[in-house]
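Dear colleague,

I am handing over the structure we discussed. The sequence and the coordinates come first, and my notes on what was found follow below them.

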Amino acid sequence: MVNELPPGQFETDSWPILHQGDIYKFDEETWSFKLFGEVKEERTVTYQQIMSLPKAISTIDMHCVTTWSKFGTTFEGIPLRELLTLVDVSKEAKYIKIYGYYNGDPYGYSANLPLDDLLGNDALFVFRWKEEGQDWRDISPKHGYPLRFIPPASFYLWKGTKWATGIEFMTEDSAGFWEELGYSMTANPFKEERYR
């Protein structure tokens, strides 16, 4: 398979660390994950409940809006579709926001995404990763431990919320953290949708 480099990107072998705000320090006792919005009944689950869900392993290309792309990184995580089994989502819900910690606020960061594009094995809440020829390792706190969303390669990586804490289901699209600051709502790297 030939890796496709989006326009304006360069390939890197490393996984650069870029983030806003403080690095979240995981505490299993206080950590939780909330599913809310356009659902019959909102639900909050523990770390153990999340980690008991079925897992998937997938190799997902990453494309950062800062112009680097990384191919051939394999992740293990919980597919987003598995979280849909925990709540009764409204049929009108077409969009989501994935929330994460930002400077101590569990819902301070968010990224918006269309739900239908996230139902495969390339939309994962990841907890470990490996590169070709290397052993599995936990993602680091700087990369979003204990749970970081990795979106499909059809989205820039800012849609990949670090230190994930919840999903809001929505009937209409709504800007997240970077989108409110002028970044693209759709963020397709192959169309170079960096900014509005």
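I begin with Gly160. Leaving aside its neighbours within four places in sequence, this glycine is in contact with Arg148, Phe149 and Pro151. Please keep in mind throughout that the model is predicted.

Gly160 sits in the loop that runs between strand 12 (148–150) and strand 13 (164–170). Its relative accessibility is 5%, so Gly160 counts as buried, the cut-off being under 20%. I also looked at the separation between Gly160 and Ile78: the two are 82 residues apart along the chain, and their C-alpha atoms are separated by 14 Å.

Strand 13, at the far end of that loop, leads on to the strand pairing. Strand 2 and strand 13 pair in the parallel sense, over 4 bridges. Within this pairing, Phe36 has Glu168 of strand 13 as its bridge partner.

Strand 2 (residues 33–37) also pairs with strand 3 (residues 43–45), here in the antiparallel sense and over 3 bridges. Lys34 has its bridge partner in strand 3, namely Thr44. Strand 2 and strand 3 form a hairpin, with 5 residues between them. Strand 2 therefore has an antiparallel pairing with strand 3 and a parallel pairing with strand 13.

Now the chain as a whole. The protein chain has 2 helices and 13 strands. Its radius of gyration is 16 Å, close to the 16 Å that the globule rule gives for 196 residues, so the chain is as compact as a globular protein of that length. Along the principal axes, the C-alpha trace spans about 45 × 40 × 35 Å.

On burial and contacts, these are the totals. Of the 196 residues in the protein chain, 50% are buried. Among contacts with a separation of 6 or more, 69% are between residues 24 or more positions apart.

On surface and charge, the protein chain exposes about 9400 Å², and carbon and sulfur atoms supply 46% of that area. The chain carries 20 positive and 30 negative charges, and the mean positions of the two sets are 1 Å apart.

That is the full set of notes for now.

Regards

Definitions and conventions: Residues numbered from 1 in each chain as written. Predicted model: local features only at pLDDT ≥ 70, side-chain atom pairs only at ≥ 80, totals over all residues. Heavy atoms only, no water. Rg over C-alpha atoms; globule rule 2.2 N^0.38 Å. Buried < 20%, exposed > 50% of the residue type's maximum accessible area, 1.4 Å probe, protein only. Contact = heavy atoms within 4.5 Å. Areas by Shrake-Rupley, 256 points an atom, 1.4 Å probe, with all protein chains shown as cover. Lys, Arg positive; Asp, Glu negative; His and termini not counted. Charge placed at Lys NZ, Arg CZ, Asp CG, Glu CD. Pairing = 2+ DSSP bridges.
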